[in-house]
Every structure is written in C-alpha cells, then in structure tokens.
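Grab the viewer and work through these exercises one at a time. Each task comes with a solution that goes step by step.

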Amino acid sequence: MHSVEAGLVTTIIPVYNRPVMLRQAVASVLAQTYRPIEILIVDDGSTDETATVADALESDHAEIRVIHQQNRGVGLAREAGRLAATGEFIQHLDSDDLLEPCKFELQVKGLRAHPECGVSYGWTRIRLPDGSLLAQPGRRTGERIATMFPAMLRERFWHTPTPLYRAELVRAAGPWLAINAEEDWEFDARIASRGVRLHYCPEWLCEFRHHDAERLSGRGLVPRALRDRAEAHIRILAHARHAEIACEAPEMRHYVRELFLLGRQCGAAGLADESRRLIEAARSVDDATDIRVYSIAAGVIGWTVMGRLADWLDRRRS
C-alpha cells in the first residue's frame, strides 16, 4: 500500500458497463463539501464505453485516478482500490449509488471527535425502481448501534455507501475475497471481529438505488452465487468466533439458522461440498435436533439428494 495522507478521504468505485451511473456516482463525490478527497475508479474490464468515460473523468478532475483491470469481479475490483488508496479514511461506493454532499464533512468530524470509533455510519435513503424514495432510512441505518458485532450477524445492517472507515482498519482487515456475493458482508464481519466501535450520524448520508440493471455482486440461487455465499457465510462464522460471540447469543442463534438454510439451498442446487460445510458449521455452534437429523440423513443418502428432498417438502407445505 501507499503512504497515508492525513485528512484525505479515498472513495473506491468499482464499475462494469455502467457509464451513465458512473458519472452520477462520481459527481456525488466531487460535490462533497469536504476536502481533500481522491476518487479511485476501478474499471473491471468493461466492454462498453465505461472505460472511455472513466478516462475522461480522470482527465477532467485531478482528484480522480482510474485503474483498468481484466474482468475479475467486484471483490477483486475493490481490492485493487484498497491497495492503491492513500487516504486516512476510506469510502466504498458502488457505481449505481450516490452520496449526499455533507457525508464526508459530517463523518470525518464525528470520527475526529470520537477517536475510540473506527467507523461512522448514518441514514441511508432507499430509491425504488420507479424513482420514489422510502420515508424511513434503509435497513437499520436509522438505529444507533454501538458495535458492529454482534448485530452484523443478523444482517449487514447498512448498504455499501453508508459507512466511512478509518483506513487503518481497512488495511488491517487484509485483502477482499475473490467472490462476487456477500463479499461486502464478509469484509465488514472481518472488521467487526476487531471489536470496532461505531460513530452514529443521524443525518441523511447517501442513497442506495434499486434498479433493474445488472449488479456487480452476484445474487439469487444460481450455483455460482451460492458458492460465493457459502464461502462468505463460513468465513463470517469464523470472524464471529474470533470475536468470542457466545453460542447462546440471539444473533449467533439467528446466524446458525442462516447457515442451515443456505446449506439446504446449496444441496438442492447440486453443491454437495458447500452444503456439507455449511451444515457442519451450523452444528458446530448449535447441534439442534433438526440440524443433526438433517446432517445424519444427508450423510446416508447424499447432500444433494437431501437438499432436493427438503426443497420438495418445503414446496409441498407452502
């Protein structure tokens, strides 16, 4: 990594085939009331005019640097940005989302006033595909939460543009995984395992936009996305254990059920190894009767067969 510039906020924007939204995302960073800033655009092998747009933005604005790489996925695109960042603070921004003009000013001020905190977060607007905005902050960004764990086990309780991180945490967390689903949740859980305290800013800070275009992060139940989610889930459990979250904690019990459900989905999709690893991980925390019986039966008839049988039974009940 490069040397750190005090006070500088680095924004890392991975992008693939999204020229119009990229301009909008970059504009929202340039509009920040806070300086100094740098913007790292990581073009992940775009096949349309996105690369040209990124280069033009770099030519027009001294704050912007562009990194071009072969298409490797969102995790490795963010990693390229992490390695090139020189700021004291790190902002992750997907190319389809926007920042409010006061975001950096408010969050840098908050982190400086609270040196015990490593991350600042606040309200996130949710824009629906029809252009309307939800009245309430998205996910749990309307709540004051003191630490990332154990709440981060229930869900990634903010969106990617919500938090501002101290760069020292991002450096210490190590490289992003080479996966394209829930890679952001895994990275946050890795940071959470260090006992990070949160600064809360009860102001609108950014906008997460729902739309019909393809996203860099994988979603759904297709095998590739399920493989990535399985890897992320197993690592998140390891981070929670490193943080010494009790097996009896409600958040840990909730997460065990997440592991169990995802393990069944992987089995139904033909991913026997991922199914086995997830179910065994769940049992290592809570050897509940249904998880134990499922595991024993899958060991006899096969993880794929068991997953498809469980899926068939679920659909019969619904």
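**Exercise 1. Where does the pair R292 and D287 sit on the scale from buried to exposed, and how do the two side chains meet?**

Step 1. Start with accessibility: R292 comes out partly exposed, at a relative accessible area of 29% (under 20% is buried, over 50% exposed, and partly exposed is in between, with a 1.4 Å probe and protein chains only).

Step 2. Do likewise for D287, which is partly exposed too, at 36%.

Step 3. Now look at the contact: R292 and D287 form a salt bridge, 3.7 Å from N to O (that is, a side-chain nitrogen of Lys or Arg within 4 Å of a carboxyl oxygen of Asp or Glu).

A word on the input before moving on: this is a predicted model, where local features need pLDDT of at least 70 and side-chain atom pairs count only at pLDDT 80 or more, while totals for chains, interfaces and linings use all residues. Residues are numbered from 1 along each chain as its sequence is written, and side-chain values use heavy atoms, with hydrogens and water left out.

**Exercise 2. Which parts of the chain does the salt bridge between E183 and R78 tie together?**

Step 1. A search of the whole structure gives 25 salt bridges. In one of them, E183 meets R78 at 2.7 Å, N to O.

Step 2. Place the partners: E183 is in helix α6 and R78 in helix α3 (residues 74-84), so this pair links parts that are 105 residues apart in sequence. Helices (H or I, at least four residues) and strands (E, at least two) are DSSP runs here, numbered from the N terminus.

Step 3. Check burial: both E183 and R78 are buried.

Step 4. Widen the view, and R78, D94 and E183 turn out to be linked in a network of salt bridges.

**Exercise 3. What does the side chain of K103 reach, given that K103 is buried yet has no salt bridge?**

Step 1. Find K103 in helix α4 (residues 103-113).

Step 2. Look for a partner of opposite charge (Lys and Arg count as positive, Asp and Glu as negative, and His and the chain ends are not counted). The nearest such side chain is E100, 11 Å from K103.

Step 3. See where E100 goes instead: it forms a salt bridge with R125, the closest N and O atoms being 3.2 Å apart. E100 lies in the loop between β5 (98-99) and α4, and R125 in strand β6 (residues 117-127), so the pair ties together parts that are 25 residues apart in sequence. R125 is partly exposed, with 22% relative accessible area.

Step 4. Turn to the backbone. The side chain of K103 reaches the oxygen of P161 at 3.2 Å, and the backbone oxygen of T162 is 3.1 Å from a polar atom of that side chain. Both fit the polar-contact rule (a pair of N or O atoms within 3.5 Å, one able to donate a hydrogen and the other to accept it; residues adjacent in sequence count only if both atoms are side-chain atoms).

**Exercise 4. Which backbone atom does the side chain of E38 reach?**

Step 1. E38 is in strand β2, and at 8% relative accessibility it counts as buried.

Step 2. Its side chain reaches the backbone nitrogen of T86 at 2.8 Å.

**Exercise 5. Which residues line the second largest cavity?**

Step 1. The whole structure has 2 cavities of 30 Å³ or more. A cavity is a set of points on a 1 Å grid over the protein atoms alone where a 1.4 Å probe fits but cannot get out, and lining residues have an atom within 4 Å of a point. Points are joined across faces, edges and corners, and the volume is the space filled by probe spheres set on them.

Step 2. The second largest holds about 30 Å³, and its lining is R78, H92, R156, T160, Y165, W176, D184, F187 and D188.

Step 3. Helix α6 (residues 183-192) contributes the most to this lining, with 3 residues.

**Exercise 6. Where are the cis peptide bonds from R35 to P36 and from F149 to P150, and which residues have a positive phi without being a glycine?**

Step 1. Recall the background: most residues other than glycine have a negative phi, and most peptide bonds are trans.

Step 2. The R35 to P36 bond is cis, with omega near 10°; P36 is in the loop between α1 (19-30) and β2 (37-44).

Step 3. The F149 to P150 bond is cis, with omega near 5°, and P150 is in the loop between β6 and β7 (164-166).

Step 4. For phi, R139 has about 50° and E182 about 60°. R139 is partly exposed at 43%, whereas E182 is buried at 14%.

How values were computed: On a 1 Å grid over the protein atoms alone, a cavity is a set of points where a 1.4 Å probe fits but cannot get out, and a pocket is an open set with protein on both sides within 12 Å along at least five of seven lines; lining residues have an atom within 4 Å of a point.
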